[in-house]
Amino acid sequence: MSEQTDATQDAVTESGTRRIAVLGEMLELGDEAPQAHWNVGQEAGKLGVDIVIAVGQDLAKQLALGAAAAGADVAIVADNETATALLEKLLQPDDVVIVKGSRGGMRWQIAQALTGQKITGILS
């Protein structure tokens with residue numbers, strides 16, 4: 001980890017800010033998909049993410065299991081709308097949220113909803 005990343009992580013931890021990762025399924029990984037999703041969830045927990053919201057179905061469960069194994073609190077939701085609703089209930093001032101997933105899952109819609117933007121699709 002770089003010094004800049006260490007400093008950023010320390011500042012976030014010291015301020016009491018929670019780190020929330022909204023992670024969607026990664027599409028088209030083939031046979032390696034379950035293990036890859038578990039690994040991503042575990043890495044999020046190891047990096048100090050406090051809450052992982054896994055969006056999707058079976059592969060989202062693997063994300064959540066990996067994150068939980070590394071000490072993160074987890075939630076599994078089926079879709080962007082449910083993830084947005086959960087975030088609206090959970091978010092506190094100064095929380096930091098990262099949203100990531102395959103383009104096909106359109107996870108950017110979560111960020112759009114939380115920031116009051118028009119919700120767009122792939123072809124919008």
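Contact here means that heavy atoms lie within 4.5 Å. The exercises below concern a predicted model.

**Exercise 1. The segment after α5**

Determine which residues Thr120 contacts beyond its sequence neighbours, and state whether Thr120 is buried, partly exposed or exposed.

Solution.
1. Locate the residue: Thr120 belongs to the segment after α5 (108-114).
2. Set aside the neighbours within four places in sequence; Thr120 is then in contact with Trp108, Gln109 and Gln112.
3. Examine the side chains: those of Thr120 and Gln112 are joined by a polar contact of 2.8 Å.
4. Compare sequence and space: Thr120 and Met106 are separated by 14 residues in sequence, while their C-alpha atoms are 8.5 Å apart.
5. Classify the exposure: buried requires under 20% and exposed over 50%. Thr120 has a relative accessibility of 21%, so it counts as partly exposed.

**Exercise 2. The setting of strand β1**

Explain why strand β1 (residues 19-24) can be described as largely enclosed, and identify the strands with which β1 pairs.

Solution.
1. Count the buried residues: six of the six in β1 are buried, so the strand is largely enclosed by the rest of the structure.
2. Separate the two faces: Arg19, Ala21 and Leu23 point one way, whereas Ile20, Val22 and Gly24 point the other way.
3. Take the pairing with strand β4 (residues 96-100): it is parallel and has five bridges. Within it, Ile20 has Val97 as its bridge partner.
4. Take the pairing with strand β2 (residues 51-55): these strands also run parallel, joined by five bridges. Here Leu23 stands opposite Ala54.
5. Add the connection: β1, helix α2 (residues 33-46) and β2 form a β-α-β unit that is right-handed.

**Exercise 3. Helix α2 and the loop that follows**

Check the length of α2 against the expected span, then describe what covers its buried residues.

Solution.
1. Compute the expectation: the span is 1.5 Å times one less than the number of residues. For the 14 residues of α2 this gives 20 Å, and the end C-alpha atoms are 20 Å apart, which agrees.
2. List the buried positions of α2: Ala33, His37, Gly41, Gln42, Ala44 and Gly45.
3. Identify the cover: the elements over these buried residues include β1, β2 and α3 (58-69).
4. Continue past the helix: Gly48, just after α2, adopts a positive phi of about 95 degrees.
5. Consider Leu47, in the loop between α2 and β2. Its relative accessible area is 40%, so Leu47 is partly exposed. The C-alpha atoms of Leu47 and Ala72 are 9.7 Å apart, although 25 residues separate the two in sequence.

**Exercise 4. The nonpolar cores**

State which residues make up the largest nonpolar core and which element gives the most to it.

Solution.
1. Name the members: the largest core comprises eleven residues, namely Ala21, Leu23, Ala44, Val49, Val52, Ala54, Ala60, Leu63, Ala64, Ala67 and Ala72.
2. Assign them to elements: β1, β2 and α3 each contribute at least two residues to this core.
3. Rank the contributions: α3 gives the most, with four residues.
4. Inspect one member: outside its neighbours within four places in sequence, Ala60 contacts Glu25, Ala54, Val55 and Ile76.
5. Note the second set: another core, of nine residues, lies apart from the largest one and has Ile20, Val22, Val55 and Ala83 among its members.

**Exercise 5. Loop residues**

Contrast Asp94 with Asp95 in terms of exposure, and find where Glu28 lies.

Solution.
1. Place the pair: Asp94 is in the loop between α4 and β4, and Asp95 is likewise in the loop between α4 (80-90) and β4.
2. Classify Asp94: its relative accessibility is 60%, so Asp94 counts as exposed. Asp94 also has a positive phi of about 75 degrees although it is not a glycine.
3. Classify Asp95: with a relative accessible area of 16%, Asp95 is buried.
4. Find the surroundings of Asp95: apart from neighbours within four places in sequence, its contacts are Thr17, Arg18, Ile20 and Leu90. The side chains of Asp95 and Arg18 make a polar contact of 2.7 Å.
5. Turn to Glu28, in the loop between β1 and α2. Its phi is near 65 degrees, a positive value in a residue other than glycine. Glu28 counts as exposed, at 81% relative accessibility.

Conventions:
Residues numbered from 1 in each chain as written. Predicted model: local features only at pLDDT ≥ 70, side-chain atom pairs only at ≥ 80, totals over all residues. Heavy atoms only, no water. Buried < 20%, exposed > 50% of the residue type's maximum accessible area, 1.4 Å probe, protein only. Pairing = 2+ DSSP bridges. Right-handed = clockwise from strand over helix to strand, strands pointing away. Polar contact = N/O pair within 3.5 Å; in protein donor to acceptor, adjacent residues only side chain to side chain. Core = buried A, V, L, I, M, F, W, Y, C linked by side-chain atoms within 4.5 Å.
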